[in-house]
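Walk me through this model, one piece at a time. Keep the route short and concrete.

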Amino acid sequence: IAVGFNRMLICNSWSNVPAVGSNEILMQSIQGTSGGTVDTRVNGTTVNTSWNTGSVLNSGSQPFNVGGSTNSNLSASRISEIIVFPDIENSANQRQRVESYLGLKYGITLPFNYLAADNSTVFWNINNNAGFNNNIAGIGRDDASGLLQKQAKSTNSGNQVIFSNGTIATSNADNTSTFTADKQFLVWGDNNDNSAGLTKVSYFY
């Protein structure tokens with residue numbers, strides 16, 4: 001998750017992503033091979049399929065850059081999490097599972113099914129919920145990924161619904177409620193209708 005970061009860097013190469021606004025929460029991910037293809041996503045949607053150079057060095061002596069390129073192109077981002085996995089073939093839907101975990105944890109709307117770490121539990125199905133795939137957020141427990149989201153709202157702008165397992169606390173960490181079993185989820189979205197009439201309350205992750 002990165003805010004205000006417009007490059008995804010691997011070793012000596014990068015794949016550009018669109019500029020982001022101030023205080024914007026985004027999930028950026030990249031998957032590619034040296035001298036080959038790359039798929040750079042923002043919030044699960046492909047935004048670039050090319051490197052800035054023809055190849056990516058894989059030597060262990062090359063730096064792995066995040067948030068800048070050596071001493072230049074530095075970002076003012078606050079990065080919440082960095083997840084790296086070596087499987088370039090994305091076997092067993094690894095990327096989808098990782099992005100689903102991050103999407104639910106940070107209230108980020110994704111354009112595909114939200115998939116639990118077991119690779120079989122779908123906790124939000126975009127086809128079954130057609131017409132309501134906006135402002136997706138949710139609470140739930142997934143032990144295999146370490147996910148324990150006890151309260152949540154969408155990070156999208158505008159008035160957003162907040163749900164909590166128990167009383168809403170200052171943050172998810174301060175929420176003392178529990179789920180009785182693994183792979184329990186409550187996920188919601190909306191039809192992007194006008195949210196006038198909702199009461200705005202303070203909330204922090």
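Which residues does Leu 110 touch, not counting residues up to four places away in sequence? The model is a predicted one. In it, Leu 110 touches Met 27, Asn 43 and Gly 44. Leu 110 also touches Glu 99, Ser 100, Gly 103 and Ile 136.

Now the core. Leu 110 belongs to the largest nonpolar core, which has 15 residues. Leu 110, Tyr 114, Phe 123 and Val 187 touch the most other members. Helix 1 (94-106) and strand 7 (122-124) each supply at least two residues of this core. The largest share, 4 residues, comes from helix 1. Another core lies apart from this one. This other core has 5 residues, among them Ala 137, Ile 139, Ala 152 and Phe 179.

Next, the sheet. Strands pair through backbone hydrogen bonds, either parallel or antiparallel. Here 3 strands form an open sheet in the order 9-8-12, and the pairing is antiparallel. Strand 9 (147-149) and strand 12 (184-190) are the edge strands. Each of these edge strands pairs on one side only. Neighbouring strands of the sheet are turned by 30 degrees against each other on average, direction ignored.

Look at one pairing. Strand 8 (residues 134-142) pairs with strand 12 in the antiparallel sense, over 6 bridges. Take Gly 140: the bridge partner of Gly 140 in strand 12 is Phe 185.

Helix 1 packs on this sheet. The helix touches strand 8, strand 9 and strand 12. The direction of helix 1 makes about 20 degrees with that of strand 9. Helix 1 thus appears twice: it gives the largest core its largest share, and it packs on the sheet.

Conventions
Residues numbered from 1 in each chain as written. Predicted model: local features only at pLDDT ≥ 70, side-chain atom pairs only at ≥ 80, totals over all residues. Heavy atoms only, no water. Core = buried A, V, L, I, M, F, W, Y, C linked by side-chain atoms within 4.5 Å. Buried < 20%, exposed > 50% of the residue type's maximum accessible area, 1.4 Å probe, protein only. Contact = heavy atoms within 4.5 Å. Pairing = 2+ DSSP bridges. Axes fitted to C-alpha atoms, helices over the stretch in contact; angles between N-to-C directions.
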